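Reader: Please take me through one part of this model at close range. Begin with a single helix, then work outward to what surrounds it.

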Amino acid sequence: MEKKIYLPLTEEQAANLKAGDNVLLSGIIYTARDAAHERLVKLIEEKEKLPIELKDSVIYYVGPTPEKPGKIIGSAGPTTSYRMDKYAPILLDLGLKGMIGKGARSEEVIEGIKKNKSIYFGAIGGAGALISKCIISSEIVAYKDLGAEAIRKLEVKDMPLTVIIDSEGNNLYEIGREKYLNEQVKKHSS
């Protein structure tokens, strides 16, 4: 069963999500990849105002392709998340509640997720064209000079995601691997 989540993402909502849950996410999210993260962290270090509100927000690690005429956005598939791992704990400490990407996260990020009762969602890599159909609006809000890596404010409706790391640090990548290995042991010992 899929859980419908409407943003902003509250601590209570995050607490009710568990690793492996399928989610349909709706509301405003922001896009940011490495270059934008680097600029955000520099602003934080310089105690400058950020171009986006982090509290209870969700950042999608994506650099969408240019939109075709009459379309809102181009293909919008997830970027490999570990590239943002050195920045994520700082943003989590400032109120970021969710991240969307693909792939494993570092121990420091997992600790930041647990500490801040946040969530890491997985989007399906290679499904950028399908994901773009869930995007209702797109507006560049910062770092236009970065092109595809500019920060965008997206409105999404029923974006299909899976909870990879929940607010307690349970990690679907580890749970799934253990379950598979246990099933193989049972299969071969029968």
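Author: Start with helix H2, residues 34-45, in this predicted model. At 1.5 Å a residue, its twelve residues should span 16 Å. The end C-alpha atoms are 16 Å apart, so the expected and modelled spans agree.

Which residues of H2 are buried? They are Ala36, His37, Leu40, Val41 and Leu43. Seen down the axis of H2, these buried residues fall within an arc of 155°, so they line one face of the helix. That face has three packing partners: strand E3 (58-60), helix H3 (88-93) and strand E7 (151-165). After H2 comes Lys47, with a positive phi near 55°.

Now helix H4, residues 107-116. Its buried residues are Val109, Ile110, Gly112, Ile113 and Asn116. Down the axis of H4 they fall within an arc of 160°, so they too line one face of their helix. On the other side of H4, Glu108 and Lys115 are exposed. The buried residues of H4 pack against H3, strand E4 (98-101), E5 and E7. H3 and E7 are thus met again, since the buried residues of H2 also pack against them.

Look at Asn116 in H4. Its relative accessible area is 15%, and buried means under 20%, so Asn116 counts as buried. Leaving out residues up to four places away in sequence, Asn116 touches Leu92, Asp93 and Lys97. H4 is followed by Lys117, whose phi is positive, near 55°.

Next, strand E5, residues 119-122, which holds Phe121. Phe121 is buried, and its relative accessible area is 0%. Set aside neighbours within four places in sequence. Phe121 is then in contact with Leu9, Leu17, Val23, Met99, Ile100, Gly101, Leu161, Thr162, Val163 and Ile164. Phe121 also lies 8.5 Å from Asp166, C-alpha to C-alpha, with their positions 45 residues apart in sequence.

Strand E2, residues 22-31, carries Tyr30. Tyr30 is buried as well, with a relative accessible area of 13%. Beyond four places in sequence, Tyr30 touches Ile52, Glu53, Ser57, Val58, Ile59, Tyr60, Val141, Ile151, Arg152 and Lys153. Lys157 is 127 residues from Tyr30 along the chain, and their C-alpha atoms are separated by 14 Å.

Finally, the pockets. What is the volume of the largest pocket? It is about 220 Å³. Its lining consists of Thr65, Pro66, Lys68, Lys71, Ile72, Ile73, Gly74, Ser75, Ala129, Ser132, Lys133 and Ile135. By class, that lining has five nonpolar, four polar and three charged residues.

The second largest pocket holds about 160 Å³ of space. Pro64, Thr65, Pro66, Glu67, Ile72, Ile73, Gly74, Ser138, Glu139, Ile140, Ala148 and Arg152 line this pocket. Here six residues are nonpolar, three are polar and three are charged. Strand E6, residues 135-142, gives the most to this lining, with three residues. Thr65, Pro66, Ile72, Ile73 and Gly74 appear in the linings of both pockets. Arg152, in the lining of the second largest pocket, is also one of the residues that Tyr30 touches.

Terms used
Residues are numbered from 1 along each chain as its sequence is written. This is a predicted model: local features need pLDDT of at least 70, side-chain atom pairs count only at pLDDT 80 or more; totals for chains, interfaces and linings use all residues. Side-chain values use heavy atoms; hydrogens and water are left out. On a 1 Å grid over the protein atoms alone, a cavity is a set of points where a 1.4 Å probe fits but cannot get out, and a pocket is an open set with protein on both sides within 12 Å along at least five of seven lines; lining residues have an atom within 4 Å of a point. Grid points are joined across faces, edges and corners, and a volume is the space filled by probe spheres set on the points. Ala, Val, Leu, Ile, Met, Phe, Trp, Tyr, Cys and Pro count as nonpolar, Asp, Glu, Lys and Arg as charged, and the others, Gly among them, as polar. Helices (H or I, at least four residues) and strands (E, at least two) are DSSP runs, numbered from the N terminus. The expected span of a helix is 1.5 Å times one less than its number of residues. Buried means under 20% relative accessible area, exposed over 50%, partly exposed in between (1.4 Å probe, protein chains only). The arc is that of the directions from the helix axis to the C-beta atoms. Contact means heavy atoms within 4.5 Å.
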